[in-house]
Amino acid sequence: MKKNMKKKIAGLVLAAVLSGTWSFASLAVGPAASLLENGEENARLMDHTVEWDEVETLVKYWNPTYRQYADTAEGFVNDLDSGRREDAENLEKSIDTIDQNLEEIRLQREKLSGLPGSMVIDARGTTVDQTLAMLSQTENYLKESRQQAKKGIQQLDNQVHMITKTYDDSLKPVRDQITRVVEGLMVSYHQLLVNRQLVEKQIALYEAMAQTQADLQGKDLATQAAVASADAQLQEARATLLTVDNGLTELKRAIGMQTGYAAEDPPEIGPVPVPDPAKYDGIDVEAARKQAFDNNKELESISDLKNYKGSGALVERDGAVNQKKAELSGKFDKIYASLMEQKLLYASAQTSLRRAQLTRDQAKRQYALGLLGRAEYLGRELECLSCEAAVSNASLSFAQAANTYEWALKGAFD
């Protein structure tokens, strides 16, 4: 085991944790402290395991940083909605009063309908026809007032809906970015978990190799230096395992705190889904680029002509749009190239593993026939284990590249 492997593992942990620059609230109490409406979904969300497809929901409801923004927005919307309800109730009362007056008019019209139109019905000399005309005028006014009150209620509802949507549109990029941070931490966690599994197997092999050297020394077939070297490899592997375990603990804690769990009660981390590489065969790059552009909110805002004034507004808008498209196009090309590269590396790692397995199987037969020494055979086993770990890591790197590409299609490039 080379010393730089420990540095690589430590760097992996540090980079993953530092990539989540969001503040960790020590008072986070975990999803189990709150309930959503869907009981079946609640049970899954609160099973003390962060699953890949749960991350966005967990971030939305329990990420301490996101909740600071969302709670402020929701507080304002709730205050606005409270005022809306009060105004709407007053309008509803007005409508009830109008309906009562309309009913009175209907009853009065029924009473007058059987009387002669020229008949005088009060001391001022008002006739039936005149009274009916006044009732109709009043009725039309009340109906118009009722319509305006209904429209007012709808306008109040629309205002709250519009402001709620505005806040949600403003908060979504924050939510998406935190979601992507957590997804990145999950990938790093599983990459480190692969390393742990490899180190565990290496320890078992190094123990066997150290015992082999000790047995050979007992027969004067190995030097003290060879025994010491084998023992040093074993001790370094054990130290590396401790480093890996510490890194896994730190990553689990970071993921937990980003999804609402307390630092002292981190959740289990679910697997990272690896897509079928065939999904990305034959991509229409230009169509994908257009989809990514169409979903990019920043480009949408730049394209809005109302953001420009004066006679040169169109020229200014078009220049800003072209500049932004050029910037996004460069980012998209890098994301796409990374996806294709990781797809190729994943396939290459699988090919290398198959070759290592064939070599290992051949060595196993030779060892059984006494044609190969135990140390040489264990070396082939170690090579095969390394290739297995390489495949697992390549699959995770491919999954991460595919995830970045899918986010780009949704308009999220950064």
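# Briefing: helices, salt bridges and a pocket

Glu250 has a relative accessible area of 34%, so this residue is partly exposed. It belongs to a predicted model, in which the protein has ten helices and two strands. Of the 414 residues in the protein, 39% are buried. The points below go from the overall layout to salt bridges, the largest pocket and single residues.

**Overall layout**

- Read from the N terminus on, the order of elements is α-α-β-α-α-α-α-β-α-α-α-α.
- Among contacts in the protein with a separation of 6 or more, 78% are between residues 24 or more positions apart.
- Helix H9 covers residues 313–368.
- The length of H9 can be checked with simple arithmetic: at 1.5 Å a residue, its 56 residues should span 82 Å, because the expected span is 1.5 Å times one less than the number of residues.
- The end C-alpha atoms of H9 are 81 Å apart, which agrees with that expected span.
- After H9 comes Gly370, which has a positive phi near 80°.

**Salt bridges within helices**

- The structure has 31 salt bridges.
- Glu250 takes part in one of them, with Arg253 as its partner and an N to O distance of 3.4 Å.
- Both Glu250 and Arg253 sit in helix H6, residues 224–258. They are three residues apart, about one turn of the helix.
- Arg253 has a relative accessible area of 29% and is therefore partly exposed, and Glu250, at 34%, is partly exposed too.
- Another salt bridge joins Lys297 to Glu300, with the closest N and O atoms 3.7 Å apart.
- Lys297 and Glu300 both belong to helix H8, and they too are three residues apart, about one turn of the helix.
- Is Lys297 buried or exposed? Its relative accessibility is 56%, so Lys297 counts as exposed, since the cut-off for exposed is over 50%.
- Glu300, with a relative accessible area of 46%, is partly exposed.

**Other salt bridges**

- Asp318 and Arg317 form a salt bridge in which the closest N and O atoms are 2.8 Å apart.
- Arg317 counts as buried because its relative accessibility is 18%, and the cut-off for buried is under 20%.
- Asp318 is partly exposed, with a relative accessible area of 36%.
- Salt bridges also link Glu298, Lys324, Glu327 and Lys331 in a network.

**The largest pocket**

- The volume of the largest pocket is about 490 Å³.
- Its lining is made up of 19 residues, and the closest to the centre are Pro173, Asp176, Lys297, Gly411 and Ala412.
- Which elements give two or more residues to this lining? They are helix H5 (128–218), helix H8 (297–303) and helix H9 (313–368).
- H5 gives the most, with six residues.
- By type, the lining has ten charged residues, five nonpolar and four polar.
- Lys297 thus has two roles in this briefing: it is listed among the residues closest to the centre of the pocket, and it forms the salt bridge with Glu300.

**Arg175 in helix H5**

- Arg175 is a residue of helix H5.
- Its relative accessibility is 5%, so Arg175 counts as buried.
- Leaving out residues up to four places away in sequence, Arg175 touches Glu56, Val59, Lys60, Tyr66 and Asp168.

**Glu316 in helix H9**

- Glu316 is a residue of helix H9.
- At 47% relative accessibility, Glu316 counts as partly exposed.
- Glu316 and Leu305 are separated by eleven residues in sequence. Their C-alpha atoms are 9.4 Å apart in space.

**His48 and its backbone angle**

- Most residues other than glycine have a negative phi.
- What is the phi of His48? It is positive, about 65°, although His48 is not a glycine.
- His48 is found in the loop between helix H2 (39–45) and strand S1 (49–50).
- With a relative accessible area of 28%, His48 is partly exposed.

Technical notes. Residues numbered from 1 in each chain as written. Predicted model: local features only at pLDDT ≥ 70, side-chain atom pairs only at ≥ 80, totals over all residues. Heavy atoms only, no water. Helix = DSSP H or I, 4+ residues; strand = E, 2+ residues; numbered from the N terminus. Buried < 20%, exposed > 50% of the residue type's maximum accessible area, 1.4 Å probe, protein only. 1 Å grid on protein atoms, 1.4 Å probe; cavity = no way out; pocket = protein on both sides within 12 Å on 5 of 7 lines; lining within 4 Å. Points joined across faces, edges and corners; volume = space filled by probe spheres on them. Nonpolar A, V, L, I, M, F, W, Y, C, P; charged D, E, K, R; others polar. Salt bridge = Lys/Arg side-chain N within 4 Å of Asp/Glu carboxyl O. Contact = heavy atoms within 4.5 Å.
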